[in-house]
Amino acid sequence: MLNILWLFFFVVAFVLACFQWLIQGDATAFPELVKSIFEMAKLSVTIAIGLIGILAFWLGLLKIAEKSGLVNLLARALAPLFRKLMPEVPSGHPALGSISMNMAANMLGLDNAATPMGIRAMEQLQELNPRKEEASNAQILFLVLNTSAVTIIPITILLYRAQMGAADPAAVFLPILLATCASTFFGLLAVSIVQKIDIFNRVIAGYFLVFAGLIGAMVWSLVSLPAEQMAEASSSLGNFLLMAAIVTILIYGWRKKVAVYEDFVEGAKEGFKVAVTIIPYLVAMLTAIGALRASGALDAVADGLAWLFGSLGFDTRFVEALPTALMKPFSGSGARAMMLETMQSQGVDSFVGYMVATIQGSTETTFYVLTVYFGAVGIKRIRHALSCGLIADFAGILAAILLTYWFFA
């Protein structure tokens with residue numbers, strides 16, 4: 001899918017440039033196209049290099065969280081919930097521990113650790129699956145929870161905003177948290193309806209009430225504020241929670257006799273490797289999207305959608321963010337490139353800049369998660385996994401758009 005999509009971007013850009021040059025007589029069509037490609041290639045490397053220091057810092061902290069057992073602690077706290085959500089998995093089965101570890105790693109933003117844990121959990125669930133080529137209920141629920149992507153600390157989004165020069169990188173912290181909660185809730189609700197899971201079970205309801213209470217308290221603290229103060233309050237709360245998380249990780253590690261400085265340095269060394277690793281992906285997608293925008297294709301789509309929604313009486317400022325939203329279920333790297341290109345062209349602290357960041361953090365990439373997790377265990381019949389995953393995506397993206405209007409309009 002991504003191969004076809006990437007090729008399609010360049011072909012469309014080339015065809016439109018030919019039309020502008022040969023039919024409309026625009027001699028600047030191809031020079032502007034090539035210039036955009038080179039600028040995006042340069043921007044890709046600039047972003048990746050600029051991320052090294054911030055990545056090193058967070059990977060160092062997350063190494064302390066791993067070695068101190070903080071991830072394991074969160075996993076144990078989530079285990080009773082997954083026993084109720086997946087009744088076909090026997091109590092005490094290793095899959096429940098792996099699932100809890102995966103979700104805890106996702107919540108902490110441990111992407112590199114979460115994926116291997118998730119694949120291991122899927123393998124263990126496959127051992128219980130009587131139909132090896134068909135996804136089981138537990139596997140589908142696990143996949144949908146992954147693609148809805150509840151992340152307490154959206155590290156990656158904040159890193160990119162900081163690199164792009166945002167005045168306050170954490171301004172989108174709370175909107176992203178609320179959007180990803182909406183994605184998870186509706187994804188879980190969709191699976192529960194299909195699989196007939198009793199989400200009003202005392203244990204499930206208890207977890208939901210605690211989590212909803214925490215989120216509700218944050219929202220309630222903002223509702224009473226004037227609109228112009230809401231973004232500022234969200235930023236202050238987001239920065240407080242981030243700093244509290246940093247201090248908590250360090251103090252917990254120190255109390256568990258972890259060599260916090262040495263382990264931080266060990267984890268920080270991975271920052272350079274990660275930053276270098278993403279350069280080819282950024283170059284590939286940013287150049288393709290830069291070409292697409294320079295050709296006028298994105299503007300044509302945006303203008304068409306703006307006309308459609310404008311004729312229906314809607315505010316059309318969100319249209320500029322729709323390319324990121326439409327790309328999100330298909331390609332995480334593509335959506336990230338769309339987000340970065342929009343931030344570059346429109347401004348990282350513009351209204352649409354806030355929106356694309358919130359959309360990017362609202363869900364995971366459904367097709368990628370489905371391919372990696374089910375592909376790892378050889379599942380061919382995915383049943384209702386894709387439809388429920390896309391419901392979670394739609395809910396998260398819609399919530400992201402509405403929340404951006406609420407916080408930043």
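## Exercises on helix packing and burial

Lys257 has a relative accessible area of 74% and is therefore exposed; here exposed means over 50% relative accessible area, buried under 20%, and partly exposed in between, with a 1.4 Å probe and protein chains only. The model is predicted, so local features need pLDDT of at least 70 and side-chain atom pairs count only at pLDDT 80 or more, whereas totals for chains, interfaces and linings use all residues. Residues are numbered from 1 along each chain as its sequence is written, and side-chain values use heavy atoms, with hydrogens and water left out.

**Exercise 1.** Locate Lys257 and state what is notable about its phi.

*Solution.*
Step 1. Lys257 belongs to the loop that joins helix H10 (227-255) to helix H11 (260-277); helices (H or I, at least four residues) and strands (E, at least two) are DSSP runs, numbered from the N terminus.
Step 2. Its phi is near 65 degrees, which is a positive value in a residue other than glycine.

**Exercise 2.** Carry out the corresponding analysis for Lys196, and decide whether Lys196 is buried or exposed.

*Solution.*
Step 1. Lys196 is placed in the loop between helix H8 (173-195) and helix H9 (202-223).
Step 2. Phi of Lys196 is near 60 degrees, again a positive value outside glycine.
Step 3. The relative accessibility of Lys196 is 72%, so Lys196 counts as exposed.

**Exercise 3.** Classify Lys63 as buried or exposed, and list its contacts beyond its sequence neighbours.

*Solution.*
Step 1. Lys63 is a residue of helix H2.
Step 2. Because its relative accessibility is 14%, Lys63 counts as buried.
Step 3. With neighbours within four places in sequence left aside, Lys63 is in contact with Asp263, Glu266, Gly267 and Glu270; contact means heavy atoms within 4.5 Å.
Step 4. Ile49 also lies in helix H2, but at 51% relative accessibility Ile49 counts as exposed.

**Exercise 4.** Describe the surroundings of Ala135.

*Solution.*
Step 1. Ala135 is in the loop that connects helix H5 (111-128) with H6.
Step 2. The relative accessible area of Ala135 is 1%, and Ala135 is therefore buried.
Step 3. Not counting residues up to four places away in sequence, Ala135 touches Asn129, Ile140, Phe374, Ile379, Arg381, Ile382 and Arg383.
Step 4. Ala135 and Phe374 are 239 residues apart along the chain, and their C-alpha atoms are separated by 7.9 Å.

**Exercise 5.** Determine the relative orientation of H6 and H18, and the composition of their contact.

*Solution.*
Step 1. Helix H6 (residues 137-148) packs with helix H18 (residues 385-408) at an angle of about 25 degrees, and the axes are 9 Å apart. Axes are lines fitted to C-alpha atoms, for helices over the stretch in contact, and angles run from 0 to 180 degrees between N-to-C directions.
Step 2. H6 and H18 are therefore roughly parallel; angles under 35 degrees count as roughly parallel, over 145 as roughly antiparallel, 65 to 115 as roughly perpendicular and the rest as oblique.
Step 3. In H6, Ile140, Leu143, Val144, Thr147 and Ser148 meet Ala385, Cys388, Gly389, Ala392 and Asp393 of H18.
Step 4. The residues of this contact divide into 6 nonpolar, 3 polar and 1 charged; Ala, Val, Leu, Ile, Met, Phe, Trp, Tyr, Cys and Pro count as nonpolar, Asp, Glu, Lys and Arg as charged, and the others, Gly among them, as polar.

**Exercise 6.** Repeat the analysis for H6 and H8.

*Solution.*
Step 1. The axes of H6 and H8 come within 8 Å and cross at roughly 165 degrees.
Step 2. The two helices, H6 and H8, are therefore roughly antiparallel to each other.
Step 3. H6 contributes Asn137, Ile140, Leu141, Val144, Leu145 and Ser148 to the contact, and H8 contributes Thr180, Ser183, Thr184, Gly187, Leu188, Val191 and Gln195.
Step 4. The residues of the contact of H6 with H8 divide into 6 nonpolar, 7 polar and no charged.

**Exercise 7.** Which residues have the most contacts inside the largest nonpolar core, and which helix gives the largest share of this core?

*Solution.*
Step 1. The largest nonpolar core has 72 residues, and Phe9 and Ile47 have the most contacts inside it. A nonpolar core is a set of buried Ala, Val, Leu, Ile, Met, Phe, Trp, Tyr and Cys residues joined through side-chain atoms within 4.5 Å.
Step 2. Helix H2 (residues 29-68) supplies the largest share of this core, 9 residues.
Step 3. Apart from this core lies another of 36 residues, including Val144, Leu188 and Cys388.
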